[in-house]
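Here are some short exercises on a pocket and on how helices pack. Have the structure open beside you and try each task before you read its solution.

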Amino acid sequence: MSINNNELPTGWALVRVDRVGAVRLGRQRSPDKHTGEHATKYLRAANIKPTGLDLTDVLEMDFTPAERRVFALHAGDILLTEASGSSSQVGRAALWSDELSDCCYQNTIVRFRPHATLPDYALAVFRHYAASGIFGRVARGVGIQHLGASRFAELQFPLPPINEQKRIAEAVSQRLAEIRQAGTHLRSAWDRLGAQRKEVLAAAVSGELVDMPEGGSEGATDSSATLALIHQKSGAPQGALFEPTAGVLVPPEGVLEPLPLGWVWARIDQVGEVRLGRQRSPEHHHGEHIRPYLRVANVFEDRIDTSDVLEMNFTPEEYPVYVLEQGDILLNEGQSPELVGRPAMFRDELPGACFQNTLIRFRAGPAVDPEFALLVFRHYLHSGQFRKIARGSTNIAHLGLDRFRSMPFPLPPLVEQAAIVDEARQRLAVADAQGNAVLASIDRLPEMERELLAAAVAGELVPQQPDDEPAAQLLDRLGEPLEIAVTLPEVEKGSKSKGDTVKPKSTPPSKASKSTVQLSAVLRKAGRPLPLPELFALAGFDRDQPEQVESFYLALRSELDRTIRQTGTAAENAVLEVITDAP
């Protein structure tokens, strides 16, 4: 934190995290602890979500009674993720409220046990550290970012008077609840707008969106004239899916919904040209006729993105076949099942572009307004029609050229198509504008949370009260946090204490007593710098006994920068050496 005592409000103090609470890393998980007579529930980083604790998947491992006393969780403890693949997720914090009895925690979690601070206020501070990037800046690692218990303990902590902490915590809780409630309402509004879009599309392709004048509009065509326009397209299949009756295409009974007067059902390939794009292969990477082409990554619903366009060779013979024209509709041939068939119209965003075989091109015939065809395909996307005919795995589904071209197409007279397109465009534009406003508000919510937390830890959220006990006096009154190493119980000779199978270990004669060991002496004897784990082992400490781990770190703290020091900048597996000129 870039804050100093001069910037703090009156009555506040700036101290280390481990001055206002006890910091401890959890117990390491290892194969020998998977089973045992003391199976205990434990939390891990996966249980800490951005919104709090998720206890739907809690694991168990063996914790001896002595280890339980060290690693047990108490109401008011704050749990922080110690590591993550993303520095922005390191230090994600949650409050423990005794949701499970007799629960411990793993070393993927750092536990903070409040001493001179209220749990809810400390939680606000740590959430500010995570949201503002403070945890991310102190984290170390390659691939996996580690917060490190010691680095966390050394961070500065802005400490208000205890009464002000309570006021801040209450204000933060209330305003966070308001922000999250607003988020719930906004996401509900977004869902409603999505439903409205689907309704507009469904109404557009069923003849319910516009009311045409009785008897039809001037210039409108009846179904027979519409069929005549369809048949103008050379090579258009006739009656492959539908039975011709009195010059009108009639779907088999029960297959398709009835259409309004003047509309007909046709196959997609009867109302337009359908083609799969050109396959991409190594021999097309180079050549004399390199041209840009569109692929699935460029085609979104009703939008083509040309920010990342690739190129390959299209010969003069291939180019007329695969070149895109204004009004062509491109559909995702291969996609996730819910997005397969996602359509967009090519509006000459990239003149001269072609398309790959991950896309299907629909080029409207004389009986179809391309904009109306786009409405039909968007409806098929959202109503699940494309998903129904697609084939493939749970990850990638393929629309299939033949399956797509044989799908039914509801065809109104051209004049009615134009009216439907105009009305649908207006309604969808209103929904899109509202949707953009909702998304902008949703995107603003995290920033509002960051601003709230920053104000809380800067003393700007609630007023100061002159009669509050200053933080300095609070610290003097409470003293240092008490996180005493738990000593394993002595077991008398011959006794078998049920429930505690840990036996006292005698110190090997060659190893110094843990209370008197000097780490500098171990380093001198080794004659070289030692990594932390190796120093721990050579000094005679036992990593399976929690009180010895604690003793080691107490010894390390007492000698660090006096008789020994860290070499280099490694943060997690520090290497230590003797200070040669130390007394």
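Helices are DSSP runs of at least four residues, numbered from the N terminus, and a lining residue has an atom within 4 Å of a pocket point. Keep in mind that this is a predicted model.

**Exercise 1. The pocket**

Describe the second largest pocket: what is its volume, and which residues are the closest to its centre?

Solution.
- Step 1: start with the volume, which is about 600 Å³.
- Step 2: turn to the lining, made up of 20 residues; Pro-50, Ala-131, Arg-180, Pro-446 and Glu-449 are the closest to the centre.
- Step 3: look for elements that give two or more residues to this lining, and you will find α3 (119–131), α6 (162–206) and α13 (414–457).
- Step 4: pick out the element that gives the most, namely α13 with six residues.
- Step 5: sort the lining by class, which yields 10 nonpolar, four polar and six charged residues.

**Exercise 2. α3 against α6**

Work out how α3 and α6 pack: at what angle, and how far apart are their axes?

Solution.
- Step 1: recall that two packed helices are described by the angle between their axes and the distance between the axes.
- Step 2: read both values for α3 and α6, an angle of about 60° and axes 8 Å apart.
- Step 3: name the arrangement; α3 and α6 are therefore oblique to each other.
- Step 4: add the handedness, since α3 passes α6 in a left-handed crossing.
- Step 5: find the partners. Asp-120, Tyr-121, Ala-124 and Arg-127 on the α3 side meet Gln-165, Ile-168, Ala-169, Val-172, Leu-176 and Arg-180 on the α6 side.
- Step 6: class these contact residues as six nonpolar, one polar and three charged.

**Exercise 3. α6 against α13**

Decide how α6 and α13 are arranged: roughly parallel or roughly antiparallel?

Solution.
- Step 1: take the angle of about 165°, with the axes of α6 and α13 9 Å apart.
- Step 2: compare with the cut-off; angles over 145 degrees count as roughly antiparallel, so α6 and α13 are roughly antiparallel to each other.
- Step 3: the residues in this contact of α6 with α13 divide into 23 nonpolar, five polar and seven charged.
- Step 4: note that the crossing of α6 and α13 is left-handed.

**Exercise 4. α6 against α10**

Find which residues of α6 and α10 meet, and how the axes cross.

Solution.
- Step 1: the axes of α6 and α10 (residues 370–383) come within 9 Å and cross at roughly 125°.
- Step 2: that crossing makes α6 oblique to α10.
- Step 3: in α6, Lys-198, Leu-201, Ala-202, Ala-204 and Val-205 meet Phe-372, Leu-375, Val-376, Arg-378, His-379 and His-382 in α10.
- Step 4: by class, this contact of α6 with α10 has seven nonpolar, two polar and two charged residues.

Key:
Residues are numbered from 1 along each chain as its sequence is written. This is a predicted model: local features need pLDDT of at least 70, side-chain atom pairs count only at pLDDT 80 or more; totals for chains, interfaces and linings use all residues. Side-chain values use heavy atoms; hydrogens and water are left out. On a 1 Å grid over the protein atoms alone, a cavity is a set of points where a 1.4 Å probe fits but cannot get out, and a pocket is an open set with protein on both sides within 12 Å along at least five of seven lines; lining residues have an atom within 4 Å of a point. Grid points are joined across faces, edges and corners, and a volume is the space filled by probe spheres set on the points. Ala, Val, Leu, Ile, Met, Phe, Trp, Tyr, Cys and Pro count as nonpolar, Asp, Glu, Lys and Arg as charged, and the others, Gly among them, as polar. Axes are lines fitted to C-alpha atoms, for helices over the stretch in contact, and angles run from 0 to 180 degrees between N-to-C directions. Angles under 35 degrees count as roughly parallel, over 145 as roughly antiparallel, 65 to 115 as roughly perpendicular and the rest as oblique. Contact means heavy atoms within 4.5 Å. A crossing is left-handed if the near helix is turned anticlockwise from the far one by less than a right angle, and right-handed if clockwise.
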